[in-house]
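Welcome! Let us take a short walk through this model together, one place at a time.

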Amino acid sequence: MCGIVGYIGGRAAAPILIEGLKRLEYRGYDSSGLAVYHSGIHIVKTAGRLSRLEEKAAQLPPGTAGIGHTRWATHGEPSDANSHPHTDCTGQFAVVHNGIIENYRELIADLKTRGHRFDSETDSEVVPHLLEELWTGDLAETVLKALPRLKGSYALAVMAGARPDELVAVRQDNPLVIGLGAGEYFIASDIPALLAHTRKVIILEDGQLARLTREGVAVLDRTGRAVDARVTEISWDAEAVEKGGYPHYMLKEIFEQPAALRNTLGRYMDRDGGISFPDCRLSPGDLAGIGKISIVACGTAYHAGLLGKHLFESVLRIPTENDLASEFRYRNPILGPDTLLIVISQSGETADTLAAMREGLRRGARVLAVTNVAGSTMAREAPNVIYTAAGPEIAVASTKAYTTQLAVLALLACHVAQALGREQEYFDELRRGLRQVPQLAEGVLAAVEPRVQELGRASTEWRNAFFIGRGLDWAVAQEGALKLKEISYIHAEAYSAGELKHGALALIEEGVPVIGLATQPELLEKTVSNIREAKARGAVVHAITQFPLLLADAADACIELPQLPAALMPLLAVIPTQLLAYYAAAARGLDVDKPRNLAKSVTVE
Ligand code: G6P
């Protein structure tokens, strides 16, 4: 899971490539490299952060064509040698790769028998050696000849010393976009890397190859035939992907939630509460024929999916299951034409979620994707799509994608209820509640931030934390604990409050912090008892609740929320947990937006 950039035009390539890589660091950032053409190919690469590459790039001769890469190691440790670009024995080809070449061992063994020498432990290095072997004098033709030899997934950008005025990019199961400027052209794994230069892009399809020169871009299919590629105009502006005055993207994205929710709700719900999804073609008849719903996702998106089960099963009485995408395919799930498979993914590129979606399609299920990225693999392959209108999310820890995913699931449940003619009163109230959410979220952000910031500072003493709750509060507890551990590195566990006494209570001792979520009226009494159990063992309990009076003597402190229908409380209750994770990480001086060992977009299984 890596980021790729490329540039060909009239300006110095290296600074443009480095700027582009900075926008892609969320895809991985343990090493990076550049190749530019200046009377031959010149490469610099290094393990570590991009700042090290920037220093090294100062040695590069000026060149107006080049490719670059930021890496998140899969095959071979992060090291200078394993960084991309990789080259062949003659140094004539430079290649950057995102994905996995599954048959690389066989290819290496075969290439070695013909004298090829390999410098890295990566799968990617086979590509330049194959190009060296198959070279016809035409770069696009040579790349097309090499592709049938590669098994696996890839996005590749390639340059050849013998073809200084040309770059080639090709994709299979990994994202790649081509930016169209005036007399200059760009390659990138994702749109934010291009926005400083152009908003006109071609989103490459699987199996398509783009040939970039200073005169223009030609898109070819696998057989080398020219394809009429569609040019898309991107509406996000460059400023939307900048930090906008916040110290970190994560904090900016937390505060963007009211706007992201407003945009998402406004896109699908009209003034009278009517709901429609333009990219979802499931008719009321299709919805009425659904016997079972499977919701599949990874990480934060999985936690969002837990609200779906509550609404579809507990309220609408449609049997619903939640699965982690990495488990789903391997448990031989029951899927058929009466199953609605809902896959949720911010990026639309997560390998496990994509694989689950393809399995669903193969087995004839109806498939609906909820994603944030138009043009992503998931958006293109799913027959039905609902977009979260969260805008670009850069911080590795997902925040605004989560709340907009919750909003989409609530809207979808309202829509299904309408189609089935069920629980109208409940869903009318839910719709009214949804309208209030953006403004209430704004209020919560303003009201709780100072308190939570203080708690974040105090958390430098914490070694463990527990998040407890029942029902939907347990779902939020899981997301809160994930957020805290992924960016502050404090060990955090989410526990169903009622389950605490079956094990984890043994870990509660004097001073252990417990975040008690208590927003579900029907479960409140029981949750309060569980909070008392923890407190009695010495826990310091911070309750997140809209019922502070009921929690007053059970908890040490309350973070107060406004009232909404119970099913929508996760949209507000998660906010203090996001801020807590942020301020705990910031207080520890950690790299909030790029936590160690993690990447934003996980395109390997
Ligand atoms: C990674 C990210 C998480 C994200 C998960 C699923 O682990 O760090 O923030 O929730 O992938 O990503 P997706 O793009 O499919 O929502």
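The paragraphs below visit two pairs of helices and then the ligand.

A word on the ground rules: this is a predicted model, in which local features need pLDDT of at least 70 and side-chain atom pairs count only at pLDDT 80 or more, while totals for chains, interfaces and linings use all residues. Residues are numbered from 1 along each chain as its sequence is written, and side-chain values use heavy atoms, with hydrogens and water left out.

Start with helix α4 (residues 126-134) and helix α5 (residues 139-146), whose axes come within 9 Å and cross at roughly 115 degrees. Helices here are DSSP runs of H or I with at least four residues, numbered from the N terminus; axes are lines fitted to C-alpha atoms over the stretch in contact, with angles from 0 to 180 degrees between N-to-C directions. Because 65 to 115 degrees counts as roughly perpendicular, α4 and α5 are described that way. On the α4 side, Leu130, Leu131 and Leu134 make the contact (heavy atoms within 4.5 Å), meeting Thr142, Val143, Lys145 and Ala146 of α5.

Next, look at helix α14 (residues 424-458) and helix α18 (residues 569-587), which pack at about 35 degrees with axes 8 Å apart. Among the residues in this contact are Val437 and Leu440 of α14 and Leu571 and Ile575 of α18.

Finally, which residues come nearest to the ligand? Of the 13 around it (a heavy atom within 4 Å), these are Ser345, Gln346, Ser347, Thr350 and Ala599. A polar side-chain atom of Ser345 sits 2.5 Å from a ligand oxygen atom, and a polar backbone atom of Gln346 is 2.7 Å from an oxygen atom of the ligand.

Conventions:
Helix = DSSP H or I, 4+ residues; strand = E, 2+ residues; numbered from the N terminus. Parallel < 35°, antiparallel > 145°, perpendicular 65-115°, else oblique. Polar contact = N/O pair within 3.5 Å; in protein donor to acceptor, adjacent residues only side chain to side chain.
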